[in-house]
Protein chains: 2
Amino acid sequence: MSENSKNIAIVGSGLVGSLLSIYLQKLGHSVTVFDRRPDIRTIEFSGRSINLAMSNRGWKSLKEVGIEEEVKKLAIPLDKRAMHVNGKPMYFQKYGKEGEAIWSISRGVLNRRMIDLAEAEGAVFRFNEKVWDVNLPDAKIYTGESEKSEWKEYKYDLIFGCDGAFSRVRHKMQRRSRFNYSQNFINVGYKELTIPANDDGSHKLDKNSFHIWPRGSFMLIAMPNLDGSFTCTLFLPFEGEVSFENITSEKEAKVFFTTYFPNVMQDIENLTKDFFKNPTSAMVTMKCYPWTYWDKVALVGDSAHAIVPFYGQGMNAGFEDIYVLNRLIKKHKDKWDIIFKEYQEQRKPNADAIAELSYRNFIEMSSKTADPKFLLQKKIEKHFSKKYPEKWIPVYSRVTFSDSPYSEALAIGDEQEKIMKDIMEMSEIEKKWDSLEVENSILKALK
Amino acid sequence: MSENSKNIAIVGSGLVGSLLSIYLQKLGHSVTVFDRRPDIRTIEFSGRSINLAMSNRGWKSLKEVGIEEEVKKLAIPLDKRAMHVNGKPMYFQKYGKEGEAIWSISRGVLNRRMIDLAEAEGAVFRFNEKVWDVNLPDAKIYTGESEKSEWKEYKYDLIFGCDGAFSRVRHKMQRRSRFNYSQNFINVGYKELTIPANDDGSHKLDKNSFHIWPRGSFMLIAMPNLDGSFTCTLFLPFEGEVSFENITSEKEAKVFFTTYFPNVMQDIENLTKDFFKNPTSAMVTMKCYPWTYWDKVALVGDSAHAIVPFYGQGMNAGFEDIYVLNRLIKKHKDKWDIIFKEYQEQRKPNADAIAELSYRNFIEMSSKTADPKFLLQKKIEKHFSKKYPEKWIPVYSRVTFSDSPYSEALAIGDEQEKIMKDIMEMSEIEKKWDSLEVENSILKALK
């Protein structure tokens with residue numbers, strides 16, 4: 001072990017915690033990962049997961065420690081959306097250019113594999129051990145059966161809080177003066193549902209598509225799993241006319257699925273069963289700052305920046321945190337105060353940007369997808385982008401298929417939006433949307 | 001006792017907690033007030049207080065329970081600002097119309113009196129008793145020496161959290177799903193300082209003025225006390241060129257006061273002593289929602305909506321919460337679920353509005369008071385308002401001298417700002433600022 005080797009605690013054995021442990025072990029540190037939950041490899045999954053969409057930033061971070069190929073075996077590439085619009089035949093929307101795709105992975109399947117890989121690197125996992133308190137200046141953690149039981153004290157050189165949106169480590173930082181913090185829930189909840197495989201193990205829907213049933217204030221999505229099943233997520237308001245609050249019996253659930261999702265009728269028994277078996281979960285945007293405590297403690301992933309899932313970037317953003325952290329560790333060696341300072345300064349604007357983009361996608365999906373003007377705008381953008389791919393990279397592509405900073409994607413997206421606002425105000429835009437006049441106006445505005 | 005009489009716990013014996021206990025006792029309930037601190041009547045004040053500026057909303061709330069006159073004995077009316085601008089002789093700015101004033105009261109002096117008045121109404125105070133946990137559905141509170149010590153359980157019908165910006169009661173509500181919360185600190189801190197009375201007990205500065213020494217990124221204010229002293233507050237950035245971070249010795253403090261506040265030189269020994277004796281405090285805007293838990297628990301005052309002090313409305317807003325709550329209790333009698341629902345729905349937009357106005361005043365004070373364009377705009381507004389007092393009520397007057405909703409003051413203020421933006425863009429506005437042309441433009445815009 002080198003003289004710079006540290007004794008490090010990671011709180012949380014989720015995706016970010018386990019990937020970070022791999023990185024830190026490879027750097028020569030000794031990592032212990034604490035988790036209040038049992039080993040996910042020994043239990044059933046929670047029934048509250050949305051399938052993951054691994055994209056560029058995620059793969060880049062896995063590749064850096066040589067586990068990209070290993071993880072790709074668990075993933076299915078989706079190169080398009082499959083749109084199930086009521087009253088229309090299903091149609092496809094390509095995500096990006098040839099060869100660009102997002103990859104569907106079951107959270108549970110990936111988490112299990114990541115823990116295997118981390119253990120293979122020498123990380124030690126302590127499951128079922130609940131962290132209740134953290135001494136920030138001394139990098140000590142306290143675990144025990146309950147908040148009021150006898151506690152065990154552990155002393156480390158560094159602590160990383162990878163314990164998610166409701167992080168206990170952050171909770172402790174939050175009590176300090178001048179710690180900025182916000183949590184904002186949206187009024188829509190979600191529930192995991194399943195469409196099982198065909199009897200022969202094949203997928204019931206096109207397996208290389210991200211399936212969406214947009215229904216205005218609510219929607220259903222489905223992402224494929226390796227075993228032929230689809231993990232579906234129903235996004236639905238908590239309260240209101242069509243809402244979780246108003247679906248309380250099997251009969252009401254069946255009416256709901258039959259009315260709004262006729263082409264999943266064949267699986268209605270299963271969907272209804274899942275509807276009452278699985279919990280309804282809330283979605284939150286959580287922001288905070290600072291993310292670090294001197295050279296002792298740092299938050300990584302959701303514990304620092306939980307976002308709503310409508311851009312599929314939660315895990316990707318967390319993995320990119322680790323990628324950036326690793327670069328800084330290599331640059332500054334043992335100077336953890338500088339590493340942590342630069343880490344939070346670099347990542348905070350990007351975390352805020354992807355939070356904003358994710359929230360906007362939620363608004364877009366719930367209120368704009370039925371607006372003909374919005375759809376026309378998107379059509380014009382696509383038309384132009386196809387003709388001038390270098391001049392107009394859609395925000396979605398910047399976020400998903402590049403690793404340019406999220407904050408840049410947001411800023412350029414805002415510029416594009418401003419240009420399109422003027423374009424949409426051109427007289428008779430509906431008729432001349434694909435005209436040279438419109439094209440030239442965009443070109444001029446881009447200068 | 002009537003059949004509707006409730007056994008009520010209030011957490012926090014500050015201004016809001018003690019006034020609420022008076023209201024509730026008068027309504028026939030039995031109130032116990034818990035406070036983790038000792039009885040403020042038995043100890044010295046904290047040295048971290050900004051003097052209070054009681055204005056219309058505060059007085060209205062005291063009058064409703066007949067203690068306005070009693071409290072007025074502790075207060076000094078301030079009908080103007082006394083501006084101490086470097087390089088200029090001191091000058092006055094009237095606050096409002098004839099007879100309009102804000103009232104300076106020492107927080108400690110007021111708090112002591114309020115507890116006396118509350119005890120006289122029959123409220124029971126339990127000082128030095130720390131609340132660590134709250135059972136929301138059962139309205140139970142748990143107190144003890146420390147978080148991990150043996151706890152005592154108390155059962156009530158209702159609990160009110162009046163325990164300030166870092167409320168323990170809210171802390172418990174915050175752990176529930178779908179609880180929105182934010183805390184944002186500003187980069188400026190404050191410190192309490194004192195200018196003592198003259199030897200004969202008289203005030204060293206005009207006693208009916210709110211004294212301000214604006215200095216761009218920082219400022220000093222002074223408010224009179226009955227004993228001839230002034231409680232001063234120094235607002236100064238935590239970091240940066242001129243900042244708390246950079247004043248670490250008596251010598252540096254003396255240079256600071258001599259350089260920037262030459263007309264308080266006579267008190268430099270005292271200011272310097274206070275500077276190192278008193279703590280530097282942070283300022284936070286705290287928002288949350290919901291404010292209530294069914295018919296069991298409600299947050300009142302800073303625990304629901306802490307704001308930065310630059311509008312002097314923190315206490316006034318908290319007292320107005322109580323005034324509104326009282327109206328709703330009288331209207332809905334024993335229906336606490338309806339009372340709490342209407343209370344939070346009515347007060348939340350107003351709390352958000354005064355938070356925004358207070359934050360804007362901070363920005364205005366720190367960055368705009370030296371901007372000639374901003375000063376010209378204020379001059380035009382004042383000129384117009386004097387001529388058309390019914391058509392242009394300044395936001396400050398709506399907030400301070402009326403009880404129309406804060407949210408209305410904010411909305412009308414935004415309208416006025418929009419009008420003035422156009423006015424300021426008129427050519428040669430510097431020359432014709434008091435012309436009929438400008439006047440007519442405003443009149444037209446107001447239609």
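Biologist: Where does Arg178(B) lie in chain B?

Modeller: In this predicted model, Arg178(B) sits in the loop that joins α5 (168-174) to β13 (180-195) of chain B.

Biologist: What makes the backbone of Arg178(B) worth a remark?

Modeller: The phi angle of Arg178(B) is positive, at about 65°, although the residue is not a glycine.

Biologist: Why is Arg178(B) called partly exposed?

Modeller: The relative accessible area of Arg178(B) is 26%. A residue is buried under 20% and exposed over 50%, with partly exposed in between. The 26% of Arg178(B) falls between these two limits, and the residue is therefore partly exposed.

Biologist: Which residue of chain A has a positive phi without being a glycine?

Modeller: Trp294(A) is one of this kind, with phi near 45°. Trp294(A) belongs to the loop between β18 and β19 (297-299) of chain A.

Biologist: How do you know whether Trp294(A) is buried or exposed?

Modeller: Trp294(A) has a relative accessible area of 61%. The limit for an exposed residue is over 50%, so Trp294(A) counts as exposed.

Biologist: What makes the peptide bond from Tyr289(A) to Pro290(A) cis?

Modeller: Its omega is near 0°, and the bond is cis. Pro290(A) is placed in the loop between β17 (281-289) and β18 (292-293) of chain A. In chain B, the bond from Tyr289(B) to Pro290(B) is cis as well, with omega near 0°, and Pro290(B) lies in the loop between β17 (281-289) and β18 (292-293) of that chain.

Biologist: How do you know what Ser202(A) is, in terms of exposure?

Modeller: Ser202(A) shows 29% relative accessibility. Partly exposed covers the range between under 20% and over 50%, so Ser202(A) is partly exposed. Ser202(A) lies in the loop between β13 (180-195) and β14 (209-214) of chain A.

Biologist: Which residues does Ser202(A) touch, leaving aside those up to four places away in sequence?

Modeller: Ser202(A) touches Ala197(A) and Gly228(A). Asp227(A) is 25 residues from Ser202(A) in sequence and 7.8 Å from it in space, C-alpha to C-alpha.

Biologist: Why is Lys277(A) called exposed?

Modeller: The relative accessible area of Lys277(A) is 58%. Exposed requires over 50%, and Lys277(A) therefore qualifies. Lys277(A) is part of helix α7 (residues 268-277) of chain A. From Lys277(A) to Ser202(A) there are 75 residues in sequence and 25 Å in space, C-alpha to C-alpha.

Biologist: Why are Pro394(B) and Lys373(B) each assigned to their exposure class?

Modeller: Pro394(B) has 31% relative accessibility and Lys373(B) has 45%. Both values lie between the limits of under 20% for buried and over 50% for exposed, so both residues count as partly exposed. Pro394(B) is in the loop between α11 (372-387) and α12 (395-401) of chain B, whereas Lys373(B) is in helix α11 of chain B.

Biologist: What separates these two residues from Ile221(B) and Ile429(B), respectively?

Modeller: Pro394(B) and Ile221(B) are 173 residues apart in sequence, with 22 Å between their C-alpha atoms. The C-alpha atoms of Lys373(B) and Ile429(B), which are 56 residues apart along the chain, are separated by 9.8 Å.

Biologist: How many residues form the contact between chain A and chain B, and what area do the chains bury?

Modeller: The contact involves 23 residues of chain A and 22 residues of chain B. About 1900 Å² is buried between the two chains, with 36% of it on carbon and sulfur atoms. Lys148(A), Arg178(A) and Gln183(A) supply 35% of the area that chain A buries against chain B, more than any other three residues.

Biologist: How do you know that the radius of gyration of chain A agrees with that of a compact globule?

Modeller: For 447 residues, a compact globule would have a radius of gyration near 22 Å. Chain A has 23 Å, which agrees with that value. The C-alpha trace of chain A spans about 70 × 60 × 40 Å along its principal axes.

Biologist: What else describes chain A as a whole?

Modeller: Chain A contains 15 helices and 19 strands, and buried residues make up 55% of its 447 residues. Among contacts between residues at least 6 apart in sequence, 69% join residues at least 24 apart. Chain A exposes about 19900 Å², of which carbon and sulfur atoms supply 51%. The mean positions of its 65 positive and 62 negative charges are 2 Å apart.

Notes:
Residues numbered from 1 in each chain as written. Chains lettered and ligands numbered in written order. Predicted model: local features only at pLDDT ≥ 70, side-chain atom pairs only at ≥ 80, totals over all residues. Heavy atoms only, no water. Helix = DSSP H or I, 4+ residues; strand = E, 2+ residues; numbered from the N terminus. Rg over C-alpha atoms; globule rule 2.2 N^0.38 Å. Buried < 20%, exposed > 50% of the residue type's maximum accessible area, 1.4 Å probe, protein only. Contact = heavy atoms within 4.5 Å. Areas by Shrake-Rupley, 256 points an atom, 1.4 Å probe, with all protein chains shown as cover. Lys, Arg positive; Asp, Glu negative; His and termini not counted. Charge placed at Lys NZ, Arg CZ, Asp CG, Glu CD. Buried area = accessible area lost by both parts, 1.4 Å probe.
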